[in-house]
Amino acid sequence: MPLMAAPPSWQGPPFAATRQVALQPPSDPRPDYYLESVVFKVEERLFKVPRYHFEHSSEIFSTTFTLPAVDNVQAEGHSNENPFVLEGISSVDFHRLLKVLYPLDIPQILAMPKEDWISVLKLATQWYFLDARDLAIQQLNDRADISSVERILLARQYDVADWLRIGYTDLARREEGISLEDAEKIGWETTVRLYQTREAAIKSYTQSYPNRHNQYGNQSRFQHADVEGTFREEFRLAQSASAAYLRPRHEVRAYEDVYTDVSNDY
């Protein structure tokens with residue numbers, strides 16, 4: 001029995017249309033949304049993210065990524081087999097920074113716990129991600145779960161001058177004294193100077209109100225403790241260190257604007 005002829009729809013080159021599309025000239029990529037990626041290795045974990053923020057938002061990485069490539073040698077970060085290795089960095093801290101640089105869920109980022117934002121502050125300060133650093137400081141500014149002592153330690157470690165002043169002022173003017181554990185954390189010299197400031201405030205208060213023994217209002221004995229006078233030089237040095245992370249006010253704060261706008265919606 002002779003074979004039946006194939007239906008007309010089956011005849012002809014099956015991929016002619018595909019070949020025709022392939023021969024069309026390539027589209028012109030839009031530079032701001034045609035992003036290259038980079039593979040990082042932190043501890044034993046790989047992360048593949050756009051290079052954009054590392055090239056444009058960090059002075060440290062922008063210099064590294066613009067170094068000329070060696071002939072016939074693939075640059076680090078182009079593959080899983082040849083990642084860009086970050087030594088001495090916690091993969092947990094790095095992941096927390098990436099959640100801010102490349103948010104997959106903005107409402108979740110806004111609700112990140114204190115520890116996550118501290119990780120962001122840590123790496124953003126180390127690598128000069130100025131916008132991410134500003135955002136971390138903003139998110140940590142008014143948190144009730146950061147004690148005065150912890151704020152002082154963070155201020156010293158990450159050059160946040162305002163937190164140093166806030167922490168010292170609270171310790172000097174609160175009714176509660178400084179515990180032995182807290183004194184060991186902030187240092188004995190600082191503790192002694194704080195107590196001297198508190199004693200001077202009590203003396204001044206007693207002289208001003210000699211008939212109000214044991215009738216002080218809430219923190220009233222210490223409300224005029226001269227923290228600024230006692231720590232003026234330390235505050236000046238802290239402000240100078242913090243200034244290294246400032247940028248002109250007229251520059252657009254992309255992260256701050258985006259997260260502020262979004263936070264108003266949630």
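Which residues in helix 6 meet which residues in helix 8? Let's start there, everyone. On the helix 6 side we have Lys114, Ile118, Leu121, Lys122 and Thr125, and in helix 8 their partners are Glu150, Leu154 and Tyr158. By class, this contact divides into four nonpolar residues, one polar and three charged. Helix 6 covers residues 114-126, and its axis lies 10 Å from that of helix 8, at an angle of about 20 degrees. That makes helix 6 roughly parallel to helix 8.

Before I go further, please keep in mind that what you see is a predicted model. Here is the overview. The chain has 266 residues, and 35% of them are buried. You will find 14 helices and three strands. If you take contacts between residues at least 6 apart in sequence, 60% of them join residues at least 24 apart. The chain exposes about 17400 Å², with carbon and sulfur atoms supplying 52% of that.

Back to helix 8, then, and on to its other partner. Helix 8 runs over residues 148-158 and helix 9 over residues 161-173; their axes come within 8 Å and cross at roughly 150 degrees. An angle over 145 degrees counts as roughly antiparallel, so that is how helix 8 stands to helix 9. The crossing of these two helices is left-handed. Helix 8 brings Ser148, Val149, Arg151, Ile152, Leu154, Ala155 and Arg156 to this contact, and helix 9 answers with Trp163, Leu164, Ile166, Gly167, Tyr168, Asp170 and Leu171. Sorted by class, those residues are nine nonpolar, two polar and three charged. You may have spotted a familiar name: Leu154 meets helix 9 here, and Leu154 is also on the list for helix 6.

Now look at the loop that joins helix 8 to helix 9, where Asp159 is found. Its phi is near 55 degrees, which is a positive value in a residue other than glycine. As a reminder, most residues other than glycine have a negative phi. Asp159 has a relative accessible area of 24%, so it counts as partly exposed.

There is a second case like this in the chain. Glu43 has a positive phi too, near 55 degrees, and is not a glycine. This residue is in the loop between strand 1, residues 37-42, and strand 2, residues 45-50. With a relative accessibility of 47%, Glu43 is partly exposed.

Let's follow helix 9 onward to helix 13. The two pack at about 150 degrees with their axes 8 Å apart, and that makes helix 9 roughly antiparallel to helix 13. From helix 9 come Ala161, Asp162, Leu164, Arg165 and Tyr168, and they meet Glu234, Phe235, Ala238, Gln239 and Ser242 of helix 13. The class count here is five nonpolar, two polar and three charged.

Ser242 deserves a moment of its own. Is Ser242 buried or exposed? It is buried, because its relative accessible area is 11%, under the 20% limit. The residue sits in helix 13, which spans residues 232-242. Beyond its neighbours within four places in sequence, Ser242 is in contact with Arg133, Asp159 and Ala161. So Ser242 touches Asp159, the loop residue with the positive phi, and also Arg133, which is one of the buried residues of helix 7.

That brings us to helix 7 itself, residues 130-140. Nine of its eleven residues are buried, so the rest of the structure largely encloses it. The buried set is Leu130, Asp131, Ala132, Arg133, Asp134, Leu135, Ala136, Ile137 and Leu140.

Leu130 leads us to another serine, Ser57, in the loop between helix 2 (52-56) and helix 3 (59-65). Setting aside neighbours within four places in sequence, Ser57 is in contact with Tyr52, Tyr128, Phe129 and Leu130. Its relative accessible area is 18%, so Ser57 is buried.

Last stop: Phe84, in strand 3, which covers residues 84-86. Phe84 is buried too, at a relative accessible area of 12%. Not counting residues up to four places away, Phe84 touches Val38, Val39, Phe40, Lys41, Phe61, Thr64, Phe65, Glu76 and Gly77. Take Val38 from that list: Phe84 and Val38 are 46 residues apart in sequence, with their C-alpha atoms 7.6 Å apart in space.

That's my tour, thanks for listening!

Definitions and conventions:
Residues are numbered from 1 along each chain as its sequence is written. This is a predicted model: local features need pLDDT of at least 70, side-chain atom pairs count only at pLDDT 80 or more; totals for chains, interfaces and linings use all residues. Side-chain values use heavy atoms; hydrogens and water are left out. Helices (H or I, at least four residues) and strands (E, at least two) are DSSP runs, numbered from the N terminus. Buried means under 20% relative accessible area, exposed over 50%, partly exposed in between (1.4 Å probe, protein chains only). Contact means heavy atoms within 4.5 Å. Accessible areas come from the Shrake-Rupley method with a 1.4 Å probe; for residues, only the protein chains shown count as cover. Axes are lines fitted to C-alpha atoms, for helices over the stretch in contact, and angles run from 0 to 180 degrees between N-to-C directions. Angles under 35 degrees count as roughly parallel, over 145 as roughly antiparallel, 65 to 115 as roughly perpendicular and the rest as oblique. A crossing is left-handed if the near helix is turned anticlockwise from the far one by less than a right angle, and right-handed if clockwise. Ala, Val, Leu, Ile, Met, Phe, Trp, Tyr, Cys and Pro count as nonpolar, Asp, Glu, Lys and Arg as charged, and the others, Gly among them, as polar.
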